[in-house]
Amino acid sequence: MPSVFSRIIAGAIPGRFVCTSERWVAFLDINPVADGHVLLVPVHEAPRIQDLPAETLADLGPMLARLTAAVRAATGCPAVNVIVNDGPEAGQEVPHAHLHIVPRFAGDGQRVGLRHHAASAESLDAMQAKLQAAWR
Ligand code: 5GP
C-alpha cells in the first residue's frame, strides 16, 4: 500500500502543492503547526532519509534552500524550523521520509520540545569515537 504522501503525489488524493520537481514535491501540511507549514517530500517512497537514492539526496539542498525562502516570503516569517522526524520513536507518523518547514515568529508561543543535558568530556569523547567509527 503506497503511503499517504505517495497517494498525494500520484493525484489519488488531494494535496495543496507549492512546487513539484522530478524528485521532490512540497505541499501544505493538512494539520499545520502554523500557517504556511509545508512538507518537503521525496517522490521516491522510503521511510528514512538514509534510505533515499543518491540523486534524490543531491537535489535536497537546493530544494530546501529555495523552499525556506519561499515560506519566508509568503508568510513574512523571520525564521523557520526545519524538522525531520526520522523514525517512529522520533515522532514520525507517516513512514515516507519528509521534512517539515514551519514558519516561526518572535513570541509565537511554539517550542521544539527537545531538552539538552550536560555531558562530561569523557562521555563526549567516547561518543565522538563511536560516531567516527560508524561514519567510516
Ligand atoms: P510526521 O509526524 O510523520 O513527521 O508528520 C506527518 C505530517 O503529515 C503531519 O504533520 C500531518 O499533519 C501530515 N499529514 C498527514 N496526513 C496528511 C494528508 O493526508 N495530507 C497532508 N497534506 N498532510 C498530512
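The largest pocket holds about 500 Å³ of space. It belongs to a predicted model, and it makes a good place to start. Which residues lie nearest the centre of this largest pocket? They are Phe5, Asp29, Ile30, Leu39 and Val94, out of 19 residues that line it.

Where does the lining come from? Helix H1, residues 4–10, and strand E2 each give at least two residues to the largest pocket. H1 gives the largest share, with three residues. By class, the lining of the largest pocket has 10 nonpolar residues, six polar ones and three charged ones.

Leu39 leads on to the strands. Leu39 stands opposite His100, a residue of E5. Strand E3 covers residues 38–42, and strand E5 covers residues 99–104. E3 and E5 run antiparallel to each other and pair over three bridges.

That pair is part of a wider sheet. Five strands form an open sheet in the order E1-E2-E3-E5-E4. The pairing is antiparallel. Which strands sit at the edges? They are E1, residues 17–20, and E4, residues 79–83. Each edge strand pairs on one side only. From one strand to the next, the twist averages 20 degrees.

Now add a helix. Helix H2 spans residues 54–75. What does H2 lie across? It crosses E1, E2, E3, E4 and E5, with E2 taking up residues 24–28. Against E5, H2 runs at about 25 degrees.

A second pocket completes the tour. The second largest pocket has a volume of about 300 Å³. It is lined by 15 residues. Closest to its centre are Ile83, Asn85, Arg111, Val112 and Gly113.

Strands E4 and E5 both take part here. Each supplies at least two residues of the lining of the second largest pocket. Which element gives the largest share of that lining? It is E5, with three residues. The lining of this second largest pocket divides into seven nonpolar residues, six polar and two charged.

Two strands are worth a second look. E5 pairs with E3 in the sheet, and E5 also lines the second largest pocket. E4 is an edge strand, and E4 too supplies residues to the second largest pocket.

Notes
Residues are numbered from 1 along each chain as its sequence is written. This is a predicted model: local features need pLDDT of at least 70, side-chain atom pairs count only at pLDDT 80 or more; totals for chains, interfaces and linings use all residues. Side-chain values use heavy atoms; hydrogens and water are left out. Two strands pair if DSSP finds at least two bridges between them. Helices (H or I, at least four residues) and strands (E, at least two) are DSSP runs, numbered from the N terminus. Axes are lines fitted to C-alpha atoms, for helices over the stretch in contact, and angles run from 0 to 180 degrees between N-to-C directions. Contact means heavy atoms within 4.5 Å. On a 1 Å grid over the protein atoms alone, a cavity is a set of points where a 1.4 Å probe fits but cannot get out, and a pocket is an open set with protein on both sides within 12 Å along at least five of seven lines; lining residues have an atom within 4 Å of a point. Grid points are joined across faces, edges and corners, and a volume is the space filled by probe spheres set on the points. Ala, Val, Leu, Ile, Met, Phe, Trp, Tyr, Cys and Pro count as nonpolar, Asp, Glu, Lys and Arg as charged, and the others, Gly among them, as polar.
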